[in-house]
Amino acid sequence: MSLTLDAIRLGARSTLPFLLGVPLLWLASSHVSSFVEIILITAAINIVLAVSLNVVNGLTGQFSLGHAGFMAVGAYTSAKITMAFRTTDILALPPTVSDQVVFLLALAAGMATAAVAGFLVGMPSLRLGGDYLAIVTLGFNEIIRVIIENTAFLGQATGIAGVARRTNLIWAGTGVIAVVAMARRLAGSTHGRALLAIREDEVAAEAMGVDTTGYKVRAFMISSAFAGLAGGLLVHLIQLCTPRSFTFVKSIEVVTMVVLGGLGSVTGSVAAALVLTISLEALRELQQYRMVMYSLLLIVLMLTRPSGIFGSRELWDMMPLRRRRSALPDGGASAPSSPLDANADEEP
Amino acid sequence: MTSSAHSPVLELRKVTMQFGGLKALSDFDLALAPGELVGLIGPNGAGKTTAFNAITGMYAPTQGDVLVDGERVNGRRPFQICRRGVARTFQNTRLFKELSVLDNVRIACHHSSEAGLFAAFMRTRGFLDDEARIRKRAREYLSILGLLQHQDSLARGLPYGEQRRLEIARALATGPKVLCLDEPAAGMNASEKVELMGLIRKIRDDFRLAILVIEHDMRLVMGVSERLVVLDHGVVIARGTPDAVRRDPKVIEAYLGDPHAGGGTRPALGGRG
């Protein structure tokens with residue numbers, strides 16, 4: 001009996017964020033105008049991108065500039081699948097249900113292919129560090145784009161038009177919940193600490209028994225999978241799948257969000273993605289200057305607050321209540337704690 | 001192969017490290033029995049740290065074999081050798097500076113974790129038990145090294161001597177059979193060094209570990225180790241008890257012989273010279 005109880009408890013624990021979140025999303029989506037909904041969905045997609053890139057750039061400290069490439073892999077995979085099932089209903093389900101099931105499967109397939117792409121790119125290139133990895137991933141991004149532009153099956157430069165509109169606030173919001181739960185749970189686990197160790201000192205991490213190559217590849221695959229999810233959500237929102245959506249400019253946009261929010265901070269990435277998306281929408285006339293604004297923003301940030309707005313901390317680490325609690329032996333188990341002791345300020 | 005009291009837990013057979021035309025270490029033989037404390041000494045550039053790097057897999061030996069518990073490990077990656085039971089500290093501390101003291105030690109317990117990534121995402125019972133166990137174990141090592149009160153501080157915020165102790169705690173947490181300490185007393189003051197000597201002995205006795213210490217401070221290394229190995233230019237020039245080594249003319253020459261090699265900065269033997 002205790003086994004079933006345990007199973008129920010486990011089920012509740014792992015799905016709790018979704019059980020709470022999805023009804024809220026449903027409620028929200030029935031109360032906002034379609035204009036606001038589109039902005040929120042765009043913000044949600046950007047959150048998925050930023051948080052997933054943060055797993056590689058922030059937690060693991062590997063600078064990747066190819067996130068849009070993985071996004072493209074996921075986007076084209078899922079678009080191809082929904083296009084193929086456009087007129088057929090699977091399992092004799094009613095059309096509306098069938099559409100949703102197909103979309104779910106398409107997103108899952110997009111995540112899987114993006115993860116495979118992450119593995120293929122990561123395996124050889126993660127031996128490189130710093131700038132070299134950035135250049136390799138940037139190159140990968142361009143390779144993906146060029147392949148798409150020259151493949152008839154993928155619609156070449158014009159892309160795939162007429163993709164069904166499937167992404168709504170509930171889908172995008174669920175994606176956000178999934179990516180945030182993933183990132184938080186990863187960061188609070190022994191695997192997340194292994195990633196942090198790689199960021200801090202790869203030689204020491206390896207000497208302490210951490211399989212550094214294995215963990216870098218895993219982080220890369222997880223991150224790519226969620227980039228693929230974001231890609232799938234995006235093309236089923238704008239109903240068009242074109243290589244122009246996945247150039248390195250998009251990759252840099254995501255890096256901007258991660259750096260702005262603070263490397264390693266999940267809430268920082270969420271906040272930065274929200275702020276950038278919404279402010280971009282508010283300043284629509286200035287859209288063509290957006291790369292200029294991003295660059296300026298980054299320069300100002302690097303000069304004034306090099307570790308990003310949140311640093312590596314989470315929103316709740318900065319609240320006074322949490323500070324006190326994490327001073328106790330059992331608090332602050334997951335987040336990197338802030339210096340609490342008077343000794344912490346002493347220099348060696 | 002199980003290790004009895006006499007079979008060595010770490011054995012080096014004619015290990016040679018060659019970097020281009022330079023032989024940093026040649027035909028280095030060493031055997032450590034469980035519970036043995038051996039000092040590895042020699043002037044700067046003698047090949048001591050190279051020997052450590054060959055043992056821990058940072059370099060693959062050009063020739064010769066490294067055996068841990070009777071099993072040949074050369075060519076394996078450092079994390080695999082660590083899991084086989086060889087832990088080390090670094091000459092210039094390499095802590096995970098931006099992480100908490102507790103996390104530094106918890107990372108070293110990482111490879112004992114059985115819960116996979118998926119279990120971590122799902123927060124399964126097994127994963128939570130695992131985390132609790134790792135936390136408990138890490139706190140035990142911190143308390144042995146007297147660092148428990150600092151567990152939530154960032155590693156970079158610790159005073160220097162405690163950073164060195166944290167490195168030892170972290171190395172111990174990997175559950176080693178052999179502990180390699182690379183100049184554990186560097187930069188410490190006299191009273192900290194005395195304390196450290198006691199600590200090293202206590203660790204050896206409590207954990208029945210084989211310990212290999214590189215140390216420049218002769219008083220420290222002669223005080224703690226039963227046996228010394230002296231390296232110079234990558235070659236073993238003497239082995240034996242501290243007393244015998246102290247009187248060995250080759251050793252005296254290596255340390256004091258060449259006045260042009262900056263002998264003034266070299267440490268004196270047992271405080272006599």
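These legends go with close-up views of a predicted model.

**View 1. How confident the predictor is in the two chains.** Before zooming in, here are the scores: the model comes with ipTM 0.84 and pTM 0.83. Chain A has an average pLDDT of 81, and 90% of the residues score at least 70. For chain B the average is 83, with 91% of the residues at 70 or above. Within chain A, helix 9 (residues 212-238) has the highest mean pLDDT of the elements, at 92, and helix 13 (residues 320-326) has the lowest, at 47. Two stretches call for some care. Residues 322-348 of chain A stay under a pLDDT of 50, though the model gives them 48 contacts beyond four places in sequence. Residues 259-273 of chain B also stay under 50, and there the model has 19 such contacts. Where pLDDT is low, the predicted coordinates should not be read in detail.

**View 2. Helix 2 against helix 6 in chain A.** Helix 2 (residues 34-59) and helix 6 (residues 169-187) of chain A pack with their axes 9 Å apart, at an angle of about 20 degrees. An angle under 35 degrees counts as roughly parallel, so that is how this pair of chain A helices is described. Helix 2 of chain A passes helix 6 of chain A in a left-handed crossing. On the helix 2 side of chain A, the contact includes A:Leu40, A:Ile41, A:Ala44, A:Val48, A:Val51 and A:Val55. From helix 6 of chain A, look for A:Ala172, A:Gly173, A:Val176, A:Val179, A:Val180 and A:Ala183, among others. Sorted by class, the residues of this contact are 17 nonpolar, four polar and one charged.

**View 3. Where chain B touches chain A.** On the chain B side, 40 residues are in contact with 40 residues of chain A. Helix 2 (78-84), helix 3, helix 4 (117-122), helix 5 and helix 6 (160-173) of chain B each bring at least two residues to the side that touches chain A. That side of chain B is a mix: 17 nonpolar, 11 polar and 12 charged residues.

**View 4. Helix 3 across helix 5 in chain B.** Here helix 3 (residues 101-108) and helix 5 (residues 125-144) of chain B pack at about 115 degrees, their axes 9 Å apart. That angle makes the two chain B helices roughly perpendicular. Helix 3 of chain B passes helix 5 of chain B in a right-handed crossing. B:Val101, B:Leu102, B:Val105 and B:Arg106 make the contact from helix 3 of chain B, while helix 5 of chain B answers with B:Ile134, B:Arg135, B:Ala138, B:Tyr141 and B:Leu142. Seven of the contact residues are nonpolar, none is polar and two are charged.

**View 5. Strands 1, 2, 4 and 5 of chain B.** Strand 1 (residues 10-19) and strand 2 (residues 22-32) of chain B run antiparallel and are joined by seven bridges. B:Met17 has its bridge partner, B:Leu25, in strand 2 of chain B. Two residues lie between the strands of this hairpin, where B:Gly20 takes a positive phi near 60 degrees. Strand 1 of chain B is also joined to strand 4 (residues 63-68) of chain B, antiparallel again, by five bridges. In strand 4 of chain B, B:Val68 is the bridge partner of B:Leu10, and B:Asp65 is that of B:Arg13. Strand 4 of chain B pairs with strand 5 (residues 71-72) of chain B in the antiparallel sense over two bridges, with B:Leu67 partnered by B:Arg72. This hairpin, too, has two residues between the strands, and B:Asp69 takes a positive phi near 55 degrees.

**View 6. The six-stranded sheet of chain B.** This open sheet of chain B has the strand order 6-7-8-3-9-10, with mixed pairing. Strand 6 (86-88) and strand 10 (235-240) of chain B sit at the edges with a single partner strand each, so one side of each has no neighbour in the sheet. On average, neighbouring strands of the sheet are turned by 20 degrees against each other, direction ignored. Strand 7 (residues 178-182) and strand 8 (residues 210-214) of chain B pair in the parallel sense over five bridges, and B:Leu181 stands opposite B:Val213 of strand 8. Helix 1 (residues 48-56) of chain B lies across strands 3, 6, 7, 8 and 9 of chain B, running at about 150 degrees to strand 7.

Methods. Residues numbered from 1 in each chain as written. Chains lettered and ligands numbered in written order. Predicted model: local features only at pLDDT ≥ 70, side-chain atom pairs only at ≥ 80, totals over all residues. Axes fitted to C-alpha atoms, helices over the stretch in contact; angles between N-to-C directions. Helix = DSSP H or I, 4+ residues; strand = E, 2+ residues; numbered from the N terminus. Parallel < 35°, antiparallel > 145°, perpendicular 65-115°, else oblique. Left-handed = near helix turned anticlockwise from the far one by under 90°. Contact = placed C-beta atoms within 7 Å. Nonpolar A, V, L, I, M, F, W, Y, C, P; charged D, E, K, R; others polar. pLDDT = per-residue confidence, 0-100. Pairing = 2+ DSSP bridges.
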